Amino acid sequence: MSARAWLPYSRQTVEQDDIDALVEVLRGDYLTTGPAVERFEQALAAAVGAREAVAVSSGTAALHAACFAAGVGPGDEVIVPAISFLATANCARYLGAEPIFADVDPASGLLRPEEIARLASDKTRAVIPVHLNGAPADMPAIRSAAERSGAAVIEDAAHALGAVLDGRPVGAGPPMAAFSFHPVKPITTAEGGAVTTNDPERAERMRRFRNHGIVRAAGDLRHAAPGPWYYEQQFLGHNLRMNDLQAALGVSQLGKLERFTAARRRLAARYDELLADVGGLTPVVPPAVRATCAYHLYAVRVDFAERGVTRAGLMERLARAGIGSQVHFIPIPQQPYYRERGWRVEDFPGALRYYERVLSLPLFPAMDDADVERVAAALGEALGRPGSRP
Ligand SMILES: *Cc1c(COP(=O)(O)O)cnc(C)c1O
């Protein structure tokens, strides 16, 4: 990218063949759910090594549908980390359940598995760990803690398409992983999401849930079909469908996933190298995790107090140098909506400490080494070198 261009913290990478794929759909017979959705679902399931993928209209819809398939309902509890995007908690509320916030590791922002046993009750229906920044959460510990409390595990893999867990792609299960294809996520369909699973029954429930709870196949009907127009709504679903434009873009983008992930890892490695010379700053994802991380974001922890700068001041200074940055995320229990429901962010010291220091730096596949060098130089000027302030 050119030296003067605004460098956002993230952006989509859309290429000519992505555009061609969209134009082809526009010229065809289906705009909404058609053959491209099925192609995308098959390609995504194959990419992560799961039996099934169910494409929906957003990552939020994917979490909503996965919670539904896990049997989450009124009065239930769903354990979620205090650091994530709002959707991780809201999906429980959509179904009349209550998110139960768990504290996170102050260094990684990841759910602390030992919190699950502490917070679990006979109302706990699901646990939703988040692979924050694309770094896999401690799934073996989370799975066994969830199993002991009889809760389903839904991985919030919105950051983690392309990440590796125990030698397999994130999303291979069990039992369910929810992905987002928002423009800043690892691949994009503009808006879009999907759930991968190895459980065909849950996949079928989610396919009905995304389409009003409708069934059409003769074997699924409760009443004899009077004719070919007939369908039945058997429960309350929603319109959470992905359309063929989104799905065609998804198929095209999925073909680039390996290249995108390799680029993200290479740029992250370069950041790690250059930022070692910047004072008061530590990459959130340690180098040991680099080979398995999807690097949706490149986040750093900055000891702002020790450096004598504020985060807002640093962001402003970076912006003046044409560099975007962002904070992921504000602890969810701090939101007015959840405060009103009785949550106190002060009860989550790990989340507060993570939030206090974290900053996301520009990272997306179309960046080059010169972009990383420019960001590192600007940070060096603002924060100084290890052992000496600017
Ligand atoms: C982006 C995101 C979501 C929601 O995805 P949308 O596609 O924006 O609805 C859910 N969880 C996390 C952690 C996210 O970052």
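In this predicted model, a polar side-chain atom of histidine 159 lies 2.6 Å from an oxygen atom of the ligand, and this contact is a convenient place to begin. A second oxygen contact involves lysine 185, where a polar atom of the side chain is found 3.0 Å from an oxygen atom of the ligand. Aspartate 156 instead faces a nitrogen atom of the ligand, which is 2.8 Å from an N or O atom in the side chain of that residue. The protein buries 92% of the 380 Å² that the ligand exposes when taken alone. Altogether 16 residues surround the ligand, and the closest of them are Thr60, Asp156, His159, Ser180 and Lys185.

From the ligand, the reader may turn to the loops and their backbone. Most residues other than glycine have a negative phi, and most peptide bonds are trans. Against that background, aspartate 166 has a positive phi of about 50° although it is not a glycine, and its place is in the loop between strand E6, residues 164-165, and strand E7. The loop that runs between strand E7 (168-169) and strand E8 (176-180) holds proline 174, and proline 175 also has its place between E7 and E8. Glycine 173 is joined to proline 174 by a cis peptide bond with an omega of about -10°, and a cis peptide bond, with omega again about -10°, joins proline 174 to proline 175.

Proline 175 also leads to another part of the chain, since Pro175 is among the residues in contact with arginine 202. Leaving aside neighbours within four places in sequence, arginine 202 is in contact with Ala69, Ala70, Ala152, Pro175 and Met176. Arginine 202 itself belongs to helix H7, which covers residues 200-209. Although arginine 202 and alanine 66 are 136 residues apart along the chain, their C-alpha atoms are separated by 8.2 Å.

A further feature to follow is the meeting of two helices, H2 (residues 35-48) and H8 (residues 244-254), whose axes come within 8 Å and cross at roughly 35°. The crossing in which H2 passes H8 is left-handed. On the side of H2, the residues that take part are Pro35, Ala36, Val37, Arg39, Phe40, Ala43, Leu44 and Ala47, and in H8 they meet Asp244, Ala247, Ala248, Gly250, Val251 and Leu254. Sorted by class, the residues in this contact of H2 with H8 comprise 11 nonpolar, one polar and two charged.

Technical notes
Residues numbered from 1 in each chain as written. Predicted model: local features only at pLDDT ≥ 70, side-chain atom pairs only at ≥ 80, totals over all residues. Heavy atoms only, no water. Axes fitted to C-alpha atoms, helices over the stretch in contact; angles between N-to-C directions. Helix = DSSP H or I, 4+ residues; strand = E, 2+ residues; numbered from the N terminus. Left-handed = near helix turned anticlockwise from the far one by under 90°. Contact = heavy atoms within 4.5 Å. Nonpolar A, V, L, I, M, F, W, Y, C, P; charged D, E, K, R; others polar. Near = heavy atom within 4 Å. Polar contact = N/O pair within 3.5 Å; in protein donor to acceptor, adjacent residues only side chain to side chain. Areas by Shrake-Rupley, 256 points an atom, 1.4 Å probe, with all protein chains shown as cover.
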